[in-house]
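Biologist: I should like to understand how statements about a protein model are justified. May we go through some of them together?

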Amino acid sequence: MKIDISKASVDIKPLQAEVAAAQEKLDKGTGEGNDFIGWLHLPSEITESFLNEIEESAKVLRDNCEIVVVAGIGGSYLGARAVIEALSNSFDYLQTNRKAPVVLFAGQNLGEDYLADLIATLKGKKFGIINISKSGTTTETAVSFRLLKALLEKQEGKEGARKRIVAVTDKAKGALRTLSTQEGYKTFVIPDNVGGRFSVLTPVGLLPIAVAGFDIKKLVAGAVEMEKATASSVPFEQNPSAVYAAARNVLYRNGKSTEILINFCPKLHYFTEWWKQLYGESEGKDGKGIFPAGCDFTTDLHSMGQWIQEGQRIIFETGVTVAEPNEKVVIESDDDNLDGLNYLAGKRVDQVNKMAELGTLLAHTDGGVPNIKVEIPKLDEFNLGQLIYFFEKACGISGYVLGVNPFNQPGVEAYKKNMFALLEKPGYEEATKAIKARLGK
């Protein structure tokens, strides 16, 4: 993996001391939120026997299910989905000669039509569930799991359902832990010191990724390499996470309050969604924080390109680029040439895409949009593992440079309290009265 800030128009040297201090806080565990930095050395601490256990459980689901539904929200689903979507055939759902189950997602919304469609799809199918929740009471996930569990037990019976449900939850407490003990579900633990948005390399992400048929050992190996590459002993200019954290903070101080993560590879759409949560939830507090947005190019150049080119100059772009695609498609010559594309005959589609990427970089920098480039050689497990850890480490450093606790998310509770009061949840009686009075009911 390589990072290039030459088109960002920033001098990061003045921030070197601040970045070093932030990294020291992170590495020594002396900063705010230090009870949630278990992800920091997680890659190098994962044992082969642990990965074997995850792969064995994944095999049970793979051998017994046509479909596996991952129930989770936020960090409990975005990391897994990011990796699975990046590595899967783009039209995976239409494939007939499958070697792995279709992996679907639930519990990330409260859409009744979405759940109705999912239930209709699962009726009569051999399916399993991976339920991911530390507490077991997160509303979106708990509602979905209740409905899916009922359907699975109706189709397979209690014993059959038990074999097809895996819970990823707290090691000792919570509703899902209690249920798992009662029902005899296979379980994996969400470490106490790892927050959801940093949990891709725990069973939260590794189990669904393994079920989908991808090599979690290579994913972890990539993260291990990046853990070494971003260690405190690595010089500032050679440490990609430190360089990225410094560049984005300089840009923020220069009035660039929105960062757009862009890609020219459609398979990275959900990687962007994972990144948005990672940085939005980590930095958006205390009236501070860079707003994390995302665009898929060239698609979004035909919708957002105008604003990026000539709108408010409050943005910068970080582009994730893949040097070499995994497949090869060559543009053929056409005798009529009505579309005027014969000048591209013999070229790979990726050659055209790369020129679109370069042209966009030139246009946007000319238009006053600083650009940071992050490049991986190809889209595979190893390089995704590197990319995940790179952004995680940079996020921790960047948050401390910004002056916030990057590992809490107090603002997430606000909507939940209002929702529970409106639904008249037991224990919220006073809040229910107050919110009804506020709404004039």
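Biologist: Which residues does Cys-265 touch, leaving out those up to four places away in sequence?

Modeller: In this predicted model, Cys-265 touches Phe-297, Val-322 and Leu-379. A contact requires heavy atoms within 4.5 Å. Cys-265 itself lies in the loop between strand 7 (258–263) and helix 11 (269–283).

Biologist: Why is Cys-265 called buried?

Modeller: The relative accessible area of Cys-265 is 16%. Buried means under 20%, so Cys-265 is classed as buried.

Biologist: How far apart are Cys-265 and Lys-186, in sequence and in space?

Modeller: Cys-265 and Lys-186 are separated by 79 residues in sequence, and their C-alpha atoms are 36 Å apart in space.

Biologist: What makes Thr-230 a buried residue?

Modeller: Thr-230 has a relative accessible area of 0%. The cut-off is under 20%, and therefore Thr-230 counts as buried.

Biologist: Where is Thr-230 placed, and which residues is Thr-230 in contact with beyond its neighbours within four places in sequence?

Modeller: Thr-230 belongs to the loop between helix 9 (216–229) and helix 10 (240–253). Its contacts outside those neighbours are Gln-23, Asn-239, Pro-240, Ser-241, Tyr-389 and Lys-393.

Biologist: How do you know that the span of helix 14 agrees with its number of residues?

Modeller: Helix 14 covers residues 381–402, which is 22 residues. At 1.5 Å a residue, a span of 32 Å is expected; the end C-alpha atoms are 31 Å apart, so the two values agree.

Biologist: Why is helix 14 described as mostly covered?

Modeller: Of the 22 residues of helix 14, 21 are buried. Each of these has a relative accessible area under 20%, because that is what buried means. Just after helix 14, Gly-403 takes a positive phi of about 95°.

Biologist: How do you know that the radius of gyration of the protein chain agrees with that of a compact globule?

Modeller: For 441 residues, a compact globule would have a radius of gyration near 22 Å. The protein chain has 23 Å, so the value agrees with the rule. Its C-alpha atoms fill a box of roughly 60 × 60 × 55 Å along the principal axes.

Biologist: What share of the residues of the protein chain counts as buried, and how many helices and strands does the chain have?

Modeller: Buried residues make up 49% of the 441. The chain has 16 helices and 10 strands.

Note on methods: Residues numbered from 1 in each chain as written. Predicted model: local features only at pLDDT ≥ 70, side-chain atom pairs only at ≥ 80, totals over all residues. Heavy atoms only, no water. Helix = DSSP H or I, 4+ residues; strand = E, 2+ residues; numbered from the N terminus. Rg over C-alpha atoms; globule rule 2.2 N^0.38 Å. Buried < 20%, exposed > 50% of the residue type's maximum accessible area, 1.4 Å probe, protein only. Expected span 1.5 Å × (residues − 1).
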